[in-house]
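The exercises below are meant to be worked with the sequence and the structure side by side. Try each task before reading the solution that follows it.

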Amino acid sequence: MRSLAVGLALCSLFWSASGFAYCRATTCDPSDAEQHCKLDPRTQCVLTGTPLSWASGCITVNVQRDAAPVTRISLEDAEASVTRAFDSWLSADCNGARPSLEVKLGDPVTCDASEYSKVHHNANIVIFREGVWPYVGGEDALGITRVRYDLEDKPGEMWDADIEVNAVTEPLSVTEPTINQVDLDSLLTHEVGHLLGFGHTLDVGSTMTAGYSPGSIELRSPSTDDLAGLCAVYPPDRKITRTSCEPRHGFSELCASEQPPYVAPDDETTVSKKSSGCTMSPHPGSSGFGFIGLLGLAALGRVARKRR
Amino acid sequence: MKRRSFLGCVGAAASTSLLTRAAGATLLRGLSLEELVERSGFIVVVTALDSQSHYEEIGGRRSIVTDTRVRVEDVLAKAEPADRELLVRTLGGRVGGVGEIVHGQPAISAASADVAFLKLGPDGAHWFVGMAQGHYPLVGQLRADRTLVPSAQLPEIRDYERCAVRKLSGLKLIRATELLRAAVRR
């Protein structure tokens, strides 16, 4: 059994070397020289470390409440774009079934910090930066995704991920972009790939386009190769040990500094029985019922709250 | 340049710079060579000595960063650093059982020398300009053969056709240095 597990792990790790161009992010961070990460010479995929993935069958993503008012991107537009980005990935056809990962759109959050706390509630958020883009040298990034994961108990288990959209310097479009605009759907579709556990790749054998041209919408759809990667990481028959959609330590719309410290319940390590709306599992032919359906439920809930 | 060398150079540039549409790549606006040079305080060849991750306040929030101490081997253009050792900071790292990856950061190798386009941040550390666009590992053992290749993990780049990565990838270090100094003079 042990050798089978090792074999499967190796298969998974070297999947990209077998003809696919996608790369999985791993616990080995190539930006740290001391980790001596080994890279595939063809794809530049990281070959060392444990591949990252979400252990649960469901995660929740929240959008920053005020979205991007200066850029005139409303919360509704932002949520719709986020929804389309996730749906473009999660509607993948994995040999007649859907990937074993559901994404729930949660309530909007007031916190605008990309952070993870070991002692507070957390949230996977999409943030729009309009005032200051705080990354020195990264001023030209249209978006940044930060992924946090376990290094000790369950190495590679993703705990938290946030997407930051640069609305400071980049003209964003939520409809059909003009020649100089950045297509928000394209940007988010790519960042969502990171949030799902994928890294970058250089693959000379690929027929895929070399870059993103202003005004282009071609990146809205993950490639066949990308989706093959998704099906490999989240196969329909994946053994899921956790079903809760809640972020690690539970959800809060507040930043860590505004919360009281988190006290872990005794049974936190057990499988959560309190599914928060994620009991439905995607089936072939039910495209659009996944994330879009959940968005609809969230919208209904919001309308109901407003009416109260 | 002999035809064979020229074709080799073009081939190397093409083979090393053709980027796939990466899975979920961080999207960067491509910097032209002139922009990359203009924004850099130092354009140097460095080798990594050691690195350390810790929390640092960025934009008012605690973030994991990795500080890599590098030795400056050569100054290609712009100012000469006051010290032969610099502290280069990148986003992400490992602290207390938590790992954090920020895609688009340069993949610094301990085994090779790298061309680094750096700027000094308000935190006193040096940062790569344009993230991985400002980082080019050198391949080739002999000094005359050293060639720039794109940073591993280079993210998706907007305006790729006009960007510095395309111009510099596959160039011999000597030729790249000429281009950089010409860009400084402009």
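## Exercise 1: The two chains

In chain B, 66% of the contacts with a separation of 6 or more are accounted for by residues 24 or more positions apart. The model is a predicted one.

Task. State what secondary structure each chain contains, and what percentage of its residues is buried.

Solution. Begin with chain B, in which four helices and 11 strands are found, and where 54% of the 186 residues count as buried. Turn next to chain A, whose secondary structure comes to five helices and seven strands, with buried residues making up 49% of its 308 residues. For the contacts of chain A between residues at least 6 apart in sequence, 77% join residues at least 24 apart.

## Exercise 2: The nonpolar core

Task. Identify which residues touch the most other members of the largest nonpolar core, and list what Leu118(B) touches.

Solution. The largest nonpolar core has 115 residues, and those touching the most other members are Val82(A), Val126(A), Leu118(B) and Leu148(B). Taking Leu118(B) as the example, and leaving aside residues up to four places away in sequence, its contacts are Ser40(B), Gly41(B), Phe42(B), Val44(B), Val88(B), His126(B), Trp127(B), Phe128(B) and Val129(B).

## Exercise 3: Packed helices in chain A

Task. Describe how α2(A) and α3(A) are oriented to each other, and then place α4(A) against them.

Solution. Two packed helices are described by the angle between their axes and the distance between the axes. The axes of α2(A) and α3(A) come within 8 Å and cross at roughly 50°, and the two helices are therefore oblique to each other. The crossing of α2(A) and α3(A) is right-handed.

The next step is to find the residues that make this contact. From α2(A) come Ser81(A), Val82(A), Arg84(A), Ala85(A), Phe86(A), Ser88(A) and Trp89(A), which meet Leu184(A), Asp185(A), Leu188(A), Thr189(A), Val192(A) and Gly193(A) of α3(A). Sorted by character, the residues of the contact are seven nonpolar, four polar and two charged.

Finally, consider α4(A), which covers residues 224–233 and whose buried residues are Asp225(A), Asp226(A), Leu227(A), Gly229(A), Leu230(A) and Val233(A). These buried residues of α4(A) pack against both α2 (75–90) and α3 (184–195) of chain A.

## Exercise 4: Two residues with positive phi

Task. Locate Arg72(A) and His249(A), and decide whether Arg72(A) is buried or exposed and whether His249(A) is buried or exposed.

Solution. Arg72(A), which is not a glycine, has a positive phi near 65°, and its place is in the loop between β1 (58–63) and α2 of chain A. Because Arg72(A) has 10 C-beta neighbours inside 10 Å, it counts as exposed.

His249(A), likewise not a glycine, has a positive phi of about 70°, and lies in the loop between α4 and α5 (291–307) of chain A. Because His249(A) has 20 C-beta neighbours inside 10 Å, it counts as buried.

## Exercise 5: The surroundings of Pro177(A)

Task. Work out where Pro177(A) lies and which residues it touches.

Solution. Pro177(A) is found in the loop between β6 (172–173) and β7 (182–183) of chain A, and is partly exposed, with 19 other C-beta atoms within 10 Å. Setting aside residues up to four places away in sequence, Pro177(A) touches Val182(A), Asp183(A), Gly215(A) and Ile217(A). Ser216(A) is 39 residues from Pro177(A) in sequence, while the C-alpha atoms of the two are 7.2 Å apart in space.

Conventions
Residues are numbered from 1 along each chain as its sequence is written. Chains are lettered from A and ligands numbered from 1 in the order in which they are written. This is a predicted model: local features need pLDDT of at least 70, side-chain atom pairs count only at pLDDT 80 or more; totals for chains, interfaces and linings use all residues. A residue is buried if 20 or more other C-beta atoms lie within 10 Å of its own, exposed if 12 or fewer, and partly exposed in between; C-beta atoms are placed from the backbone. Two residues are in contact if their C-beta atoms, placed from the backbone, lie within 7 Å. Axes are lines fitted to C-alpha atoms, for helices over the stretch in contact, and angles run from 0 to 180 degrees between N-to-C directions. Angles under 35 degrees count as roughly parallel, over 145 as roughly antiparallel, 65 to 115 as roughly perpendicular and the rest as oblique. A crossing is left-handed if the near helix is turned anticlockwise from the far one by less than a right angle, and right-handed if clockwise. Ala, Val, Leu, Ile, Met, Phe, Trp, Tyr, Cys and Pro count as nonpolar, Asp, Glu, Lys and Arg as charged, and the others, Gly among them, as polar. A nonpolar core is a set of buried Ala, Val, Leu, Ile, Met, Phe, Trp, Tyr and Cys residues joined through C-beta atoms within 7 Å.
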